[in-house]
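Here's a walk through one protein chain, with an eye on how its pieces pack and where its charges end up. Have the model open in your viewer and follow along.

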Amino acid sequence: MDNDLKTSISSIYADDSEQINRYARASQHFKSIYGAVPSHIFRAPGRVNLIGEHTDYNHGYVMPVALDKDVLVFAKPRTDSKITLNNIESTYPETSFDISKSIPKVENNQWGNYARGVAQVLANSSQTQLKGFDALIVSEAPFGVPTGAGLSSSSALTVVLLKAFSYLNDYDAPISEMVTLASDAEWYLGTRGGIMDQFISLAGKQNTALFLDCRPDSSDNFQTETVTLDKDYRLLIINSGVKHQNVGGGYNYRVAACRAGVGLLQKHYPEITHLRDMETIDWESFSGLLPDISSVTELQAQGIDLTNIPTIEPETQLKVKPRCKHVWSENKRVLDAVKAIKDLDMHLLGQLMNRAHVSARDDYEISCPEIEVLITSLNKKEGVLGSRLTGAGWGGCVVALVQKEFIASVSEAVGDDYRNLTGLEPTIFPCQASDGASLVWQS
Ligand code: GLA
């Protein structure tokens with residue numbers, strides 16, 4: 001293997017020997033498909049969110065960490081405008097298409113459609129005719145980002161394709177524009193989340209979490225600050241193996257409930273645009289303006305605009321008050337968590353994570369029985385300071401703050417509990433914070 005590539009791999013991953021084998025295998029695979037070696041390798045990481053769930057689309061605060069689990073693109077530019085994609089996992093068949101400003105989606109080709117989404121948004125924002133490439137996507141276990149685990153595999157795939165595509169076409173853009181492009185590309189598939197996942201996948205920093213304010217400033221930039229955990233503690237990630245689905249109604253119902261809350265509050269607080277704007281106001285002084293539950297029809301009759309949110313029907317019931325309460329309280333917890341980390345008060349950070357979980361479970365209702373088994377088990381273990389569901393919800397992963405010397409014993413004991421109580425096999429690994437998306441190597 002090329003020395004530059006080895007050096008680059010060593011600078012990215014803590015355990016480079018396994019990664020060198022992974023990259024070498026993928027290069028061979030590329031050659032066996034395309035008859036030539038790749039000229040470029042790109043990567044984009046998945047993420048775990050330490051605290052700040054479902055706040056991003058409310059212009060709130062989040063604190064994600066970019067993982068060393070990533071999606072790679074091995075690529076070779078073409079002279080025409082065709083994109084050919086293969087995947088190292090044989091369950092994903094080859095797919096190809098021509099770049100244009102309007103690219104039809106292909107049924108049953110979810111992973112290929114992410115590439116179509118990226119190509120379409122870039123074609124629409126570029127002044128020149130874009131050139132395509134032959135590519136191999138690499139995101140296999142245990143190094144890749146597991147899908148449906150709440151670790152943002154879709155955003156990692158979108159971001160790495162965007163990185164490859166823009167680099168190979170000399171398309172240079174500031175991070176805020178790249179975030180928007182990646183988010184628009186996911187919208188092509190019908191998922192409109194906030195900006196957290198794309199942002200951290202692009203801008204993560206090794207060994208740190210990123211405190212991100214999801215409200216753009218007047219120049220459309222986002223304020224960030226890197227925060228470093230006390231080195232005696234680690235984040236442990238436990239994948240329940242229960243797959244969550246972002247494209248279902250649950251996520252969009254919550255987006256709608258928050259929007260409904262803003263609409264109702266605007267009648268008394270006309271200056272607000274997002275729930276974030278209520279951060280300095282006491283919950284008790286405005287919560288009476290919000291209904292516990294209301295149908296879309298009833299809310300629309302009060303002049304609330306709920307258009308343009310997929311899967312919302314007139315009879316959909318939205319639990320406005322509890323959803324807004326979660327967002328309002330979660331924003332405060334993120335700010336407190338930043339302070340706790342800076343004060344080296346890991347016990348407080350743990351408590352904030354526990355409270356965040358209760359709020360996500362009771363007010364936002366995004367937990368599920370298997371996640372509760374993990375949280376209950378973690379809460380009883382020596383060395384665990386706090387734990388919570390991470391990601392969109394309804395399955396996926398739990399993140400726990402654990403004293404370093406207890407990582408092995410907690411992993412083993414929680415794994416046993418989970419297996420015994422659910423019959424499911426969890427995947428457990430300590431979080432290794434990595435850098436955001438990059439060109440790893442070029443020939
Ligand atoms: C998904 C979305 C994010 C964010 C989280 C919940 O991962 O893509 O934008 O809303 O859910 O915090």
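M196, D197, Q198, F199, I200, S201, L202 and A203 are the buried residues of helix α6. That leaves the helix mostly covered, with eight of its eight residues buried. Keep in mind that this is a predicted model.

What does α6 pack on? The helix, residues 196-203, sits on a sheet and touches β2, β7 and β8. Its direction makes about 135° with that of β7. The sheet itself is open and has three strands in the order β2-β7-β8, with antiparallel pairing. At the edges are β2 (61-62) and β8 (224-227), each of which pairs on one side only. Strand β7 (residues 209-213) runs antiparallel to β8, and four bridges join the two. If you want a spot to click on, A209 stands opposite V227 in β8.

**Salt bridges**

One residue of α6 also takes part in a charge pair: D197 meets R47 in a salt bridge, at 2.8 Å from N to O. Both partners are buried. R47 belongs to strand β1 (residues 40-49) and D197 to helix α6, so to speak a long-range link, as the two are 150 residues apart in the chain.

How many salt bridges turn up in the whole structure? A search finds 21. Three of them are set out here.

| Pair | N to O distance |
|---|---|
| R47 and D197 | 2.8 Å |
| R78 and D134 | 2.9 Å |
| E365 and R323 | 3.1 Å |

Take the R78 and D134 pair, with its closest N and O atoms 2.9 Å apart. R78 is in the loop between β3 (64-77) and β4, while D134 is in strand β6, so this bridge ties together parts that are 56 residues apart in sequence. Buried or partly exposed? R78 has a relative accessible area of 22%, which makes it partly exposed. D134 comes in at 14% relative accessibility and counts as buried. The cut-off for buried is under 20%, so the two residues fall on opposite sides of it.

The E365 and R323 bridge, at 3.1 Å from N to O, also has partners of two kinds. E365 is partly exposed at 32% relative accessibility, whereas R323 is buried at 6%. E365 lies in the loop between α11 and α12 and R323 in helix α10 (residues 320-342), so the pair ties together parts 42 residues apart in sequence. There's a network too: salt bridges with shared partners join R22, R43, D70 and E140.

**A buried charge without a partner**

D363 is one to look at if you care about charges. It's in the loop between α11 (346-362) and α12 (369-379). Which side chain of opposite charge is nearest to D363? That's K325, at 4.3 Å. A salt bridge needs a nitrogen within 4 Å of a carboxyl oxygen, so D363 ends up buried yet with no salt bridge. Leaving out residues up to four places away in sequence, D363 touches P322, R323, K325, H326 and V358. R323 in that list is the residue that bridges to E365.

**Strand β4 and its neighbours**

Back to strands. Why is β4 (residues 82-87) described as largely enclosed by the rest of the structure? Because five of its six residues are buried. On the pairing side, β4 and strand β5 (residues 95-98) run antiparallel over four bridges, and K82 stands opposite D98 in β5. With strand β6 (residues 133-138) the sense is parallel, again with four bridges joining it to β4. There, N87 has I137 of β6 as its bridge partner. D134, from the salt bridge with R78, is in strand β6 as well.

**The nonpolar cores**

The largest nonpolar core has 86 residues. Those with the most contacts inside it are M63, V73, L85, L151, L161 and F165. Which helix gives the most to this core? Helix α4 (residues 153-168) does, with nine residues. For a closer look at F165, its contacts beyond four places in sequence are I83, I99, V118, A119, L122, L130, K131 and F133. Another core lies apart from the largest one; it has 51 residues, including Y57, Y251, Y269 and M278.

Conventions. Residues are numbered from 1 along each chain as its sequence is written. This is a predicted model: local features need pLDDT of at least 70, side-chain atom pairs count only at pLDDT 80 or more; totals for chains, interfaces and linings use all residues. Side-chain values use heavy atoms; hydrogens and water are left out. Two strands pair if DSSP finds at least two bridges between them. Contact means heavy atoms within 4.5 Å. Axes are lines fitted to C-alpha atoms, for helices over the stretch in contact, and angles run from 0 to 180 degrees between N-to-C directions. Buried means under 20% relative accessible area, exposed over 50%, partly exposed in between (1.4 Å probe, protein chains only). Lys and Arg count as positive and Asp and Glu as negative; His and the chain ends are not counted. A nonpolar core is a set of buried Ala, Val, Leu, Ile, Met, Phe, Trp, Tyr and Cys residues joined through side-chain atoms within 4.5 Å.
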